[in-house]
Amino acid sequence: GIILPTLFEELGVEYKVLNGIPDGDFSHNPEPLEKNLGGIMGEMAKGGYDLGIVVDPDVDRLAFICEDGKMFGEEYTLVSVADYILSNTKGGGNTVSNLSSTRALRDVTERYGGTYTAAAVGEVNVTTKMKEVGAVIGGEGNGGVIYPESHYGRDALVGIALFLSSLAHKKCTASQLRATFPNYFIAKNRIDLTPSTDIDAILEKVKEMYASEKITDIDGVKIDFPDKWVHLRKSNTEPIIRVYSEAATMEEADALGKKLMQVVYDMQ
């Protein structure tokens, strides 16, 4: 409510602010997820706007809504901004996101001849890996864009400016831009365990069971199949395993997650 109007005025963007009074009394759950964004999605669906922009209270997460009122997809915020940066980087460039982020970033990076690297979950892990590999863009799939040319931190303002630049140069709508990227869906599940459960032992067994697939174990266990992946990650605060899975359809992603959940339950 404070910084975005200033940014839009500097960029010459016509805008309307919803729920912009910065009094700490949020009109809805401020996490920028589709289930919380009915108001702006409905406003966009009326027509007359090119883009809907949503940030969280500390302005590090960023989600877009297309001109037709549909979500651009929080996971695709970073993908779209990376596509713009890579297209303007000679010889492509390297990118980084965390293990639970969409595979679409890898696909886009390789399309431009760059190298994608996965980091453990957490902003500090992503920025550390970005410095290691000299990434030109990186971030997290929850809408966090990190652009080293500006600074090493998730920043929705930078993401907004780059995304608007991309739309302006490509002279397309947000939905047309979204259609240029590989389509993936991420399902999120969780396994509830007892405090006495040895979660590390369970994850080791899962690694052994799927040893023939590509395994990454820098943060829990991620199993990469040729056309999908699943990531099991233990919570640091409660006896649960978070299960993230991605595939070409939501049904397939959810089925993969449920399959691994059953594998774990069968070990009990």
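**Cavity**

I began with the lining of the largest cavity in this predicted model. I listed Glu75, Leu78, Val79, Ser97, Ser101, Thr102, Leu105, Glu140 and Gly141 around it. I then sorted the lining by class and got 3 nonpolar, 4 polar and 2 charged residues. Helix H3, residues 75-87, gives the most to this lining, with 3 residues. For volume I noted about 40 Å³. I found 1 cavity of 30 Å³ or more in the structure.

**Nonpolar cores**

Next I looked up the largest nonpolar core, which has 34 residues. I asked which members touch the most others. They are Ile53, Phe72 and Phe163. I traced the elements that give two or more residues to this core: helix H1 (3-11), strand S2 (62-65), H3, helix H4 (104-111), helix H6 (156-170) and helix H7 (174-178). H3 gives the most here, with 8 residues. So H3 is the top contributor to the cavity lining and to this core, going by the helix as assigned.

I took Ile53 for a closer look. I left aside its neighbours within four places in sequence. Ile53 is then in contact with Leu4, Phe8, Ile40, Leu62, Ala63, Phe64 and Ile160.

I also noted another core, apart from the one with Ile53, made up of 19 residues. Among them are Ile199, Phe225, Leu232 and Met261.

**Salt bridges**

I counted 19 salt bridges. I checked three pairs one by one.

Lys170 pairs with Asp83, and their closest N and O atoms are 2.6 Å apart. Lys170 sits in helix H6 and Asp83 in helix H3, so this pair ties together parts that are 87 residues apart in sequence. Is Asp83 buried or exposed? Asp83 is buried, at 3% relative accessible area. I put Lys170 down as partly exposed, at 36%.

Lys129 and Glu132 meet in a salt bridge at 3.1 Å, N to O. Both lie in helix H5 (residues 123-133), 3 residues apart, so about one helical turn separates them. Lys129 is partly exposed at 22% relative accessibility. I logged Glu132 as exposed, because its relative accessible area is 56% and the cut-off is over 50%.

Asp192 and Arg190 form the third pair I checked, at 2.8 Å, N to O. Asp192 counts as partly exposed at 45% relative accessibility. Arg190 also counts as partly exposed, at 38%.

Last, I followed a network of salt bridges that links Asp60, Glu123, Glu140 and Arg154. I recognised Glu140 from my cavity list, where it is one of the lining residues.

Note on methods: Residues are numbered from 1 along each chain as its sequence is written. This is a predicted model: local features need pLDDT of at least 70, side-chain atom pairs count only at pLDDT 80 or more; totals for chains, interfaces and linings use all residues. Side-chain values use heavy atoms; hydrogens and water are left out. On a 1 Å grid over the protein atoms alone, a cavity is a set of points where a 1.4 Å probe fits but cannot get out, and a pocket is an open set with protein on both sides within 12 Å along at least five of seven lines; lining residues have an atom within 4 Å of a point. Grid points are joined across faces, edges and corners, and a volume is the space filled by probe spheres set on the points. Helices (H or I, at least four residues) and strands (E, at least two) are DSSP runs, numbered from the N terminus. Ala, Val, Leu, Ile, Met, Phe, Trp, Tyr, Cys and Pro count as nonpolar, Asp, Glu, Lys and Arg as charged, and the others, Gly among them, as polar. A nonpolar core is a set of buried Ala, Val, Leu, Ile, Met, Phe, Trp, Tyr and Cys residues joined through side-chain atoms within 4.5 Å. Buried means under 20% relative accessible area, exposed over 50%, partly exposed in between (1.4 Å probe, protein chains only). Contact means heavy atoms within 4.5 Å. A salt bridge is a side-chain nitrogen of Lys or Arg within 4 Å of a carboxyl oxygen of Asp or Glu.
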